[in-house]
Amino acid sequence: MSNPAEECRDEDLPANTLEHFTELQQVLEMIENIRSIGAGTFEREFEQYAQILSRYQEQPHLLDPHLETLLGKLLQKIRRQDLDTGERHAAFKYLYIICKVRTYKVLVKFMPHELSDLEFVLDLLGQQDPKEFEQWETRYILLLWMSILVLNPFHMSRLDAYETAPNPAVNCSPINHVQSKSTKMERIYELIQLYVSNNDTCSNMAAYLAAKYFIRSDIKDLYLERFLDWIMKQHQADTVDVKFGQLAAVAAILKHGKREDLLPYADKLLQWITSCQYKDGNDFLKYKNYVKIVQRIGLVHLKPRIASWRYKRGTRSLATNLTQAAGAGGESAALEVSPEEGEEILVPDAIEEVIEELLQALRSGGNDIRWSAAKGLGRVTNRLPKELADEVIGSVIDILSPLEPHEAWHGACLALAELAKRGLLLPHRLEELVPLLMQALFYDEMKGYMSVGQHIRDSACYMCWAFARAYNPEDVKPFVQKISSGLLIVAVFDREVNCRRAASAAFQESVGRLGNFPFGIEISTTTDFYSVGIRQNSYLNISDYIAQFEVYREPLINHLVQHKVNHWDPAIRELTAKALHKLSLKEPEYMAAVVLPQLLAKTDTIDINCRHGCVLAMGEIILALRNLEEKSDPPVTYLSNQRIVELNELVKTFLDRNCYRGMSGELMKSCTTNYIKNCSLAKLQATTDCLASWQKVIDSCLVTQSTSIRDSAVDAFGELSATYYCLDIRHQENEDIINSYLKGAENDLEEHIRMGYIAALGVLPSYMIRPHLPAVLDSLVKHSLTPLQAVLNSEMGGRENIQTNRWSEARTESVRALLKVVKTVGYTDEIDSFAERKNFNKVIGCLLKALDEYTLDNRGDIGAWVREAAMSSLYEIVTQCPCDLLVPEHVHEIVVGFMQQAVEKIDRTRGLGGRLCCQLIHHQPRIPYVREHLKLLEIFPADADSVLWLFADHTFPMFCELLALPDYSKRVLLGLSASIGQLTESLIKYASSALFQFLRSNPETVPRLCSEVVQIFEEHLLNERVTYPMLSFLDILIGSGTLESVLHDEANPFAEDIFRLLNLEVKGYKKLYKTATSISAFCQLLQVPRLSKRILSKLSVFLGLQHVHVRKTAATKLYEALALHGDVTEVPEDNMDEILTLLSETDWTMPLVEVRPLRNQLCHLLGIKAPVSGAVAAAALQQVKADK
């Protein structure tokens, strides 16, 4: 027996890090300690075993040196007579995993095949119940083992003469009705019948066993006809509930059997299988077996031969080709087994039916069926005479017709590739085939809402690959231009990555095999597997590289214009336009003279995809051509006056046809704005009517809901106004546009309308802004602030509608527009610029207020968008403006604003704030008025990229160092309170650990920081955005033990202040969450002896409140606090146990009338007065006054 380890050396194995089977000892140990399948730990151990072996699924050859050891261990355990049934099943499960990884064809060669095992396996199979689905691996491996055991060289009837004593390990009655008294031949036959009749995994293995068993010389005469008759009878009786194992068994027998043994049954089998009509249903598995049986019947009818007429090109191995002498090509003598010249090949009538069935299967809906039929046609055609084979090839070529469905095209391409590989596609067919091949390479048709053609283009690349291996360079030479261009077009312009890679591989194969592709070596090194994997790189870079070779330039351009401009995917159309821009620089005359007229003509179509793509492409081509005209010396004109007139009329025509309405109008708006932008950049001559039509489209696009269309319209408007609106005669029109946009920015009905107009104001050119700078500036400042901020801003006139409070996206757009206006107008000494301190201060003041935007909605903290835009804008203004405009207060507010944002809770915002703060501190030239600049330079690294700003564990330790600087500590503490007091566990962990580490290292700063915490709390009292996290922050901070020196210092008012502010914050107890959260902070203050009585009185109020959750939380937290700090309170020690018992055992969810007496009892034990309601207290006071 050959060693599989030797056989697998020549396979193309995947290259990865595994080099040998490292877990051998671990696996052997697991096999040694196999437990029964009923054991509790079996599932976990088996899963671990399967996981280890599954690592080698991609390179299973590494198991080969150890397969004998692994199988020996497992089979030794299986053979044990005293082995428990559960353990035996477990061993078979372990054995199946090896089979799955290494495949049964390799594993079966390592299975023992002594005669003594035949009886054992046969008896064990007889015990199995096919309905026990959980033990299917046992039956699978036993059938596989039997397939090697039945190959023993002895006559099967002799084995019954040497009956051995019954095996005690398997001595029990058969479960599957296979009689043990029958002969071994009969028992094996019945077992095969039983297992091929089950539609499970074991049926495939039973089919494999049938093929090995029934082709034995001593079995075929006795059982083969009987078995085939039984299957045919079964399938004629029941064509609905089909047993796939039976069909697979017939196919396997036809594959492995000798032709002379099978020939007597071939006609009967063909008549039976065609009468079953399995190809008519939608069951692909039935049809696949049907195709396999039909093609193998055809092979049985024909003698094995290699067609003498086939095309001979020599060996397919490159290495052999290189080692052979130049003139020694041709088939080796070993392959020349063709019949003698003049010998007539007899073709049975059944072959015609077989070929017809295979041709029909090429049109099937299943990939596997078409692939199987293609291979079958190749095998059958190889044994036919030349005339008949030529008819078959002609029939396959006829399938490549526009009237055929896409499945037929795929099947035909696969079949032609198979025929070419076998040398059966003679060179004279190439003239007819190459045009069809080009159609297949570019096949892409819409079918409903999806496109079909990907699999056809892939198979067409396979055809090209097969042609490269099949033909001599001289035969392919007339078609080299078409094939090479087609492959390169697919390699760079196909939408699907697998098609691009397939075309790249076929091109490389053709370059290596044929050697006559123009510039093949240079291009194949560029269009490799990885570079064509990225679509944008293929379209914009690789195509540009290929276009330097003139022979490929026009085919690339023509393909884009004919096939990709009207592609169904908008992303492809956009890439096509950009690719045409680059190709225009290489072939401007062709673009201007041929491509532009074609694109203009296509804009009349009703196909919206085509119109969209054409308009995009024309804009890019115009820009490229005008750039070339400007750079050319001597001057060259590519765009004629007639062409410019047509381009000017284009948008007006679309407006007249109402092309911008409806669903298709959105696509037209996006491409038209892109077209206007490119024409403006190109400075294309434009008439007044043309400009009016362009402005009209832009105005309609500014108020659309689509963000991408609005952004495109804003870009187009910026270029349009900069290029065309600078003329004096347009003064009034410009005034009207600005007034219209200022009015539109005041819209308070729809947010997207305001966003469009504000963004348009931001891109106005300097000459349009300056006369209206105060109005534009006031509008943008107003809309950068929340309605409340706008009202509080003393410089603002008018009042904003309160419903715009949640329009954070519009405010973000306004902040960005404000920055653009500042950059556009600049800081020149002229009037109406930002050199005026009033204007500059207004912008800085507005952006600093925008840093306080914390709007919330169902999307979360949407104010973060405004804060991020404000930070970016402030950074750009401060680093670019003249230093004399900066004032110390503004610089300090900007720096502390960045620092606060850098320690708040949103990762993205925190990362931006930290990075900008670091860059601002290290900016050159140095920013003036930065306080403690030298210390900041020590804290922050010079290279901002050396810090991972999005990771809290990297940034918080750095920013906590700022707490040592009084100028910055208060705002950093404000940000820290938001981070430590929120809900994200990882952020709380890193932020609090950094803070506590600093406090422990710098105890002298603790009193100052505590007073700043009090100030923050007091300044933001009842501001729930700050106070909600502040309550949790105080709980964590006081409980950390870092403030003990302050808490126990009676001269320090920190504890009293916090207690006072907590009382004010929760006054009225209307907010359930706030009240419940404050309890933890109150309980932490119990460790301050001078406050304990007041704290206990407060908590006793919580224990009597109406909210059940508050009462339960108060009881739990009070219990924990007394257990920790009870010794420092004024609670009598004798009562402590009773107090803790009462707190823990009382059901605080009971009605208030039952809870309050228990609460009053607790107050008595604590030594405090029981609280009374305000109404009761007032009545008591009134009674006292009355008594007096």
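A residue is called buried when its relative accessible area is under 20%, exposed when it is over 50%, and partly exposed in between, the calculation using a 1.4 Å probe and protein chains only. By this scheme Asp 390 is partly exposed, with a relative accessible area of 32%. The model is a predicted one, in which local features need pLDDT of at least 70 and side-chain atom pairs count only at pLDDT 80 or more, whereas totals for chains, interfaces and linings use all residues. Residues are numbered from 1 along each chain as its sequence is written, and side-chain values use heavy atoms, with hydrogens and water left out.

The chain contains 58 helices and 4 strands, where helices (H or I, at least four residues) and strands (E, at least two) are DSSP runs numbered from the N terminus. The radius of gyration is 43 Å, well over the 32 Å that the globule rule gives for 1188 residues, so the chain is more spread out than a compact globule; the radius is taken over C-alpha atoms, and the rule is 2.2 Å times the number of residues to the power 0.38. Along the principal axes, the C-alpha atoms fill a box of roughly 130 × 100 × 55 Å. Buried residues nevertheless account for 55% of the 1188 residues. Of the contacts (heavy atoms within 4.5 Å) between residues at least 6 apart in sequence, 73% join residues at least 24 apart. About 53,200 Å² of the chain is exposed, and carbon and sulfur atoms supply 51% of this area, as computed by the Shrake-Rupley method with a 1.4 Å probe, for which only the protein chains shown count as cover in the case of residues.

Helix α17 (residues 367-381) illustrates how one element is packed into its surroundings. The helix has 15 residues and reaches 21 Å from its first C-alpha to its last, close to the 21 Å expected at 1.5 Å a residue, the expected span being 1.5 Å times one less than the number of residues. Its buried residues include Ile 369, Arg 370, Leu 377 and Val 380. The buried residues of α17 pack against α14 (284-301), α16 (350-361), α18 (386-399), α19 (406-421) and α21 (454-470).

The structure holds 54 salt bridges, each defined as a side-chain nitrogen of Lys or Arg within 4 Å of a carboxyl oxygen of Asp or Glu. In one of these, the side chains of Asp 229 and Lys 268 meet with an N to O distance of 3.0 Å. This pair links distant parts of the chain, as Asp 229 belongs to helix α11 (residues 217-237) and Lys 268 to helix α13 (residues 259-275), 39 residues apart. Asp 229 is partly exposed at a relative accessible area of 31%, and Lys 268 is partly exposed at 33%.

Asp 390 takes part in a salt bridge with Arg 429, the closest N and O atoms being 3.0 Å apart. Arg 429 lies in the loop between α19 and α20 (430-441) and Asp 390 in helix α18, so the pair ties together parts that are 39 residues apart in sequence. Arg 429 counts as buried, at 10% relative accessibility. A salt bridge also joins Asp 569 to Arg 495, with 2.8 Å between the closest N and O atoms. Asp 569 lies in the loop between α27 (550-564) and α28 (570-586) and Arg 495 in the loop between α23 (480-493) and α24 (497-513), so this pair ties together parts that are 74 residues apart in sequence. Of the two partners, Asp 569 counts as buried at 10% relative accessibility, whereas Arg 495 counts as partly exposed at 22%. Salt bridges that share partners also join Glu 119, Asp 123, Lys 184 and Arg 187 into one network.

Ser 784 occupies the loop between α38 (773-783) and α39 (787-792) and is buried, with a relative accessible area of 0%. A polar atom of the Ser 784 side chain lies 2.7 Å from the backbone oxygen of Leu 780. When neighbours within four places in sequence are left aside, the residues in contact with Ser 784 include Arg 811, Cys 846 and Val 866.

Asn 841 is placed in helix α41 (residues 837-850) and counts as partly exposed at 26% relative accessibility. The C-alpha atoms of Asn 841 and Leu 885 are separated by 8.5 Å, although the two residues are 44 residues apart along the chain. Lys 286, found in helix α14, counts as buried at 13% relative accessibility. Lys 286 and Lys 1098 are 812 residues apart in sequence and 80 Å apart in space, C-alpha to C-alpha.

Terms used. A polar contact is a pair of N or O atoms within 3.5 Å; within protein, one must be able to donate a hydrogen and the other to accept it, and residues adjacent in sequence count only if both atoms are side-chain atoms.
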